[in-house]
Amino acid sequence: MAITSGAEHILVYANSAFRRLAGVATGDALGAPIATAFTGTEGRALNTILDRAFRHCIELLDESIDASSERASGWRCNVWPVIADNGRVDALGVEIRESSPPDAAIELQRQVAEQMLLGALRERGLADDAETANRAKTAFLRAMSHELRTPLNAIGGYIDLLDMGLRGPVTESQHADLGRVRTNQLHLAALITEVLNFARVGSGSVTYAVSDVNGCDALTHAVELIEPLIAQRELVFDGVSGDSSVVARADPEKVTQILVNLLSNAIKFTPPHGHIGAEVAAVDDAVTLSIIDTGSGIAPDKLETIFEPFVQLKEGLADREGGIGLGLSISRDLARAMKGDLTVESTEGKGTRFTLSLPRASEHEEVPTR
């Protein structure tokens, strides 16, 4: 991994793997054109790729380095331009691999390299460029979500027209087929809404209407919304326990959104005949609302990563029927925006406790409206 600056591709950062590949010692090549870091023809071939990315302001992925040396015959290169506010390219992020991995590994490496690039940019005072890229990603997610929701709503409307027989008689088997189409249309619409919520939270465009929220009432309301799913999964709900007089200061709708997400996860990962419970408590100046289950639990090394965007405990496509891994990320961001937090405790094979903490009403701390 390396970062170059300007049209001359001056090397401003190179990690140890890049230096080893180029055959230079720490710091030896910094401040000089990247082509000079290589002793053979690899430098000139790499420079040609960087020129193309810089001149046309484009991202190049999995490019071969066309050099005459046998050493570089298996090298593959990824290049990302860093765009300044004036629309010009100020720097390039460069990744070189010594062999060509499978497609899935390429995508994973690209994501890792992107994060390394953003981190290195921030360390070197180019945070504005990194944040600009992040804002562009958020804007793209919002635009994509809006564009996809419109045709999906139209699909739902036509499903209803057909199902009601307005276009002609419909048989029982056709009703069943239309029901399956509607189920998938609603599921896809829910996933897009999840992405849109993530983009809104990330862009800071969410507003908060803070008021008094009774802890027991909030938990009871969330359970009522999702109670049919508890029965459908043959689970046992142990009720809401704790002090019924405890009151928090928060946005009631956001609290419900968080609690419903936590309950949905508990239902998803708890086997039939398992138990789910809810607790409210007051600790000093904070109110805690907890969802407890006797499900499969979470591995210790996953307790923090589950709050990252697009992360799920089970990564197979068959396991993504309930979402795309944004619920917990959105929930934690909402909690922290209301001066609270969302934490987790879990034991594999025994169960999990998610705890939403919020300011206690006696403090009357206001959350800024954005």
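Biologist: Why is C77 called buried in this structure?

Modeller: This is a predicted model, and in it C77 has 0% relative accessibility. Buried means under 20%, so C77 qualifies.

Biologist: And what makes C216 buried?

Modeller: C216 comes out at 10% relative accessible area. The cut-off is under 20%, so C216 gets the label buried too.

Biologist: How many disulfides does the count give?

Modeller: The count is 0 disulfides. A disulfide needs a pair of cysteine sulfur atoms within 2.5 Å, so with a count of 0 there is no such pair here.

Biologist: On to the rings. How many aromatic pairs does a search of the whole structure find?

Modeller: The search turns up 1 aromatic pair.

Biologist: Why is the pair of F307 and F354 called edge-to-face?

Modeller: You need two values, because a pair of aromatic rings is described by the distance of the centres and the angle of the planes. For F307 and F354 the centres are 6.3 Å apart, which fits the limit of within 6.5 Å. Their planes stand at 80°, and over 60 degrees counts as edge-to-face, so that's the name this pair gets.

Biologist: How do you know that the pair links distant parts of the chain?

Modeller: F307 and F354 are 47 residues apart. F307 sits in the loop between β10 (286-293) and α8 (327-337), while F354 belongs to strand β12 (residues 351-359). Are they buried or exposed? Both F307 and F354 are buried.

Biologist: What makes R332 a charge over the ring of F307?

Modeller: R332 lies over the face of F307, at 3.7 Å from the ring centre. The limit is within 6 Å, plus an angle within 35 degrees of the ring normal, so R332 passes on distance, and being listed over the face takes care of the angle.

Biologist: Which residue lies over the face of Y208?

Modeller: That's K254, at 5.4 Å from the ring centre. Again the limit is within 6 Å, so K254 makes the cut.

Biologist: What makes α8 "mostly covered"?

Modeller: In α8, 9 of its 11 residues are buried. Among them are G327, L328, I330 and R332, the last of which also lies over the F307 ring. Just after α8 comes K339, with a positive phi near 65°.

Biologist: And the protein as a whole?

Modeller: Its secondary structure comes to 8 helices and 12 strands, and of the 370 residues, 41% count as buried. Of the contacts with a separation of 6 or more, 63% involve residues 24 or more positions apart.

Note on methods:
Residues numbered from 1 in each chain as written. Predicted model: local features only at pLDDT ≥ 70, side-chain atom pairs only at ≥ 80, totals over all residues. Heavy atoms only, no water. Buried < 20%, exposed > 50% of the residue type's maximum accessible area, 1.4 Å probe, protein only. Phe/Tyr/Trp six-rings, centres within 6.5 Å; stacked < 30°, edge-to-face > 60°. Helix = DSSP H or I, 4+ residues; strand = E, 2+ residues; numbered from the N terminus. Contact = heavy atoms within 4.5 Å.
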